[in-house]
Amino acid sequence: MSNPRTTMAAPVHVVDPPVSPEPGSGCDVCGALARERKEAAGVGNWSTVADCNVELRRHHGEHT
Ligand SMILES: [Zn+2]
């Protein structure tokens, strides 16, 4: 029995909040990811929503 959710080696965080990452204001990359996530959520494409959240969190690391 393998759970595909556990196959992704996620970075270790103190806590992985269930809330979605907030896009940075005035950031085009954040805006695009947030828009894609919203559209995916609208059609129930939760795997894409999760991908966008991962990308947003990773991208947030590039913010200064
Ligand atoms: Zn950004």
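Helices here are DSSP runs of at least four residues, labelled H or I and numbered from the N terminus, and with that in mind I can place Gly31, which sits in helix H1. I should say at once that what we are looking at is a predicted model.

Let me begin with the overall content, which is simple to state: the protein has 2 helices and 0 strands, and of its 64 residues, 8% count as buried.

The first element, H1, covers residues 28-42, a run of 15 residues that reaches 21 Å from its first C-alpha to its last, close to the 21 Å expected at 1.5 Å a residue. Just after H1 comes Gly44, which takes a positive phi of about 75°, and helix H2 then occupies residues 46-60.

How do the two helices lie against each other? The axes of H1 and H2 come within 8 Å and cross at roughly 165°, and since angles over 145 degrees count as roughly antiparallel, the two helices are therefore roughly antiparallel to each other. As for handedness, H1 passes H2 in a left-handed crossing.

Which residues form the contact between H1 and H2? On the H1 side they are Val29, Cys30, Leu33, Glu36, Arg37, Ala40 and Ala41, and they meet Thr48, Val49, Cys52, Asn53, Glu55, Leu56 and His59 of H2. Sorted by class, this contact has 8 nonpolar, 3 polar and 3 charged residues.

Now I would like to go through a few individual positions, beginning with two that belong to that contact. Glu36, in helix H1, has 17 C-beta neighbours inside 10 Å and so counts as partly exposed; its C-alpha lies 7.9 Å from that of Val49, although Glu36 and Val49 are 13 residues apart in sequence. Across from H1, in helix H2, we have Thr48, which has 15 C-beta neighbours inside 10 Å and therefore also counts as partly exposed. The C-alpha atoms of Thr48 and Arg37 are separated by 6.9 Å, with their positions 11 residues apart along the chain, counted as a sequence separation.

Returning to Gly31, is this residue of H1 buried or partly exposed? Gly31 has 13 C-beta neighbours inside 10 Å, and because a residue is exposed at 12 or fewer and buried at 20 or more, Gly31 counts as partly exposed. Its C-alpha and that of Leu56, 25 residues apart along the chain, are separated by 9.7 Å.

The last position is Pro23, which lies in the segment before H1. Pro23 has 20 C-beta neighbours inside 10 Å, and since 20 or more is what makes a residue buried, Pro23 counts as buried. Which residues does Pro23 touch, once its neighbours within four places in sequence are left aside? They are Cys30, Gly31, Leu33, Ala34 and Leu56, and of these Cys30, Leu33 and Leu56 are also listed in the contact of H1 with H2. Pro23 and Arg57, finally, are 34 residues apart in sequence and 9.2 Å apart in space, C-alpha to C-alpha.

Technical notes: Residues are numbered from 1 along each chain as its sequence is written. This is a predicted model: local features need pLDDT of at least 70, side-chain atom pairs count only at pLDDT 80 or more; totals for chains, interfaces and linings use all residues. Axes are lines fitted to C-alpha atoms, for helices over the stretch in contact, and angles run from 0 to 180 degrees between N-to-C directions. Angles under 35 degrees count as roughly parallel, over 145 as roughly antiparallel, 65 to 115 as roughly perpendicular and the rest as oblique. A crossing is left-handed if the near helix is turned anticlockwise from the far one by less than a right angle, and right-handed if clockwise. Two residues are in contact if their C-beta atoms, placed from the backbone, lie within 7 Å. Ala, Val, Leu, Ile, Met, Phe, Trp, Tyr, Cys and Pro count as nonpolar, Asp, Glu, Lys and Arg as charged, and the others, Gly among them, as polar. The expected span of a helix is 1.5 Å times one less than its number of residues.
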